[in-house]
Amino acid sequence: MNTSLAGLYFGLLIPLNRKTLSQLFRVKRSGGAGLSVIRCSAWMPHQKCAKATGHAAADDKSCQARHVGIVDEGSFTIKSDVDGTEKTIKAGDAYVIMPGHLYTVNGELPLVLYEFESVLDDIIVPQPDEDLDMEAFDGVLNRHEPGVMAKSFATPDEQVHSKGSLFVSNVALFESAKVQQVIGKPGASWARNVKPTLDEHMNCEHTSCTKRHVGFIKSGQLKVKMDFGGEVIIGPEDAFVIEPGHDAEVVGNADMVMYEFVTGL
Amino acid sequence: MLLCLIASRLVVKNFSTPDKTFQLSRMVEGYRNNLGTAKGMRVVLQPGATWEVIKE
């Protein structure tokens, strides 16, 4: 099935098989790689997409956005008005907050958050030659996550060290998202410090990093070199999307700290 | 710094020069960058900010 046909097929299935789905999801092509089912956007506080995640609140008595982010400074307390979950989330935490919640900023200092949403980290991405997996789609619809989830990078779910530990990734895993803090020492590079381990682990030769990265740099500098020749140094407060096919190296004398987000697993 | 490079294979935008700045009451300021296939936002909330206050 080519991409166009898949788009037609999938576009028709939603209204026919799930009468409420058109309110829950929007469907987009993702350039040449099939189709994407995308969660409702979580950017404006009054957006009504609570039902997409099984959270039924649909009024302005609480925030109806889904948030995936990290706390950089300060703390706040979140209470889900759907399942009653309540958590205080503080600097150094990653969080996923489902639609239907109230919040209060604690203390006397401003709260600084960074939140990301990627439109390509899709729940279901049928490839052009694949049939749509409706079973998986049902699984997504029926998935029910706690209203508020937070994890500290100080006690990550996974910690990944590159060769020589020049890169260290602290990974916070959520059911529908992954957030990681990556710390790179000066001189650390993908080609020198990550590729050897990856080649050995995968038993094949990588020419460049094949991962897509979405996030921002908190401190330090990273030189990114694309396979086709583009090169740029990114630094503090730079938000980025780096598509597959690149090398990267920490430049300057300071550690580089960045955060990466996969927001729609 | 704002850089959009090379056919969107690499997109970099700094939060100091965001695509959009918004303010919800005096308690919340947001800086939002559209990265093509993703969006990034920096949000600053003042002490005491609550959903009830901000939605007004």
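## Where the parts of this structure meet

In this predicted model, 14 residues of domain 1 of chain A are in contact with 16 residues of domain 2 of chain A. The domain assignment of chain A places domain 1 at residues 3-151 and domain 2 at residues 153-262.

Let's look first at domain 1 of chain A, on the side that touches domain 2. Strands β3 (67-73), β6 (93-97), β8 (111-118) and β9 (148-152) of chain A are the elements that each give two or more residues to this side. The largest share, three residues, comes from β8(A).

Now for the meeting of the two chains: 32 residues of chain B are in contact with 37 residues of chain A. On the side of chain B that touches chain A, the elements giving two or more residues are β1 (2-5), β2 (10-14), β5 (38-45) and α1 (51-55) of chain B. Here β5(B) supplies the largest share, with eight residues.

What kinds of residues make up these two sides? The table sets them out.

| Side | Nonpolar | Polar | Charged |
|---|---|---|---|
| Domain 1 of chain A, touching domain 2 of chain A | eight residues | two residues | four residues |
| Chain B, touching chain A | 18 residues | nine residues | five residues |

Strand pairing also links the chains. In which sense do β16 of chain A and β2(B) pair? Strand β16 (residues 238-242) of chain A pairs with β2(B) in the antiparallel sense, over five bridges. To find a spot to look at, go to A:A239, which stands opposite B:K13 in β2(B).

Conventions. Residues are numbered from 1 along each chain as its sequence is written. Chains are lettered from A and ligands numbered from 1 in the order in which they are written. This is a predicted model: local features need pLDDT of at least 70, side-chain atom pairs count only at pLDDT 80 or more; totals for chains, interfaces and linings use all residues. Two residues are in contact if their C-beta atoms, placed from the backbone, lie within 7 Å. Helices (H or I, at least four residues) and strands (E, at least two) are DSSP runs, numbered from the N terminus. Ala, Val, Leu, Ile, Met, Phe, Trp, Tyr, Cys and Pro count as nonpolar, Asp, Glu, Lys and Arg as charged, and the others, Gly among them, as polar. Two strands pair if DSSP finds at least two bridges between them. Domain bounds come from an automatic or database domain assignment.
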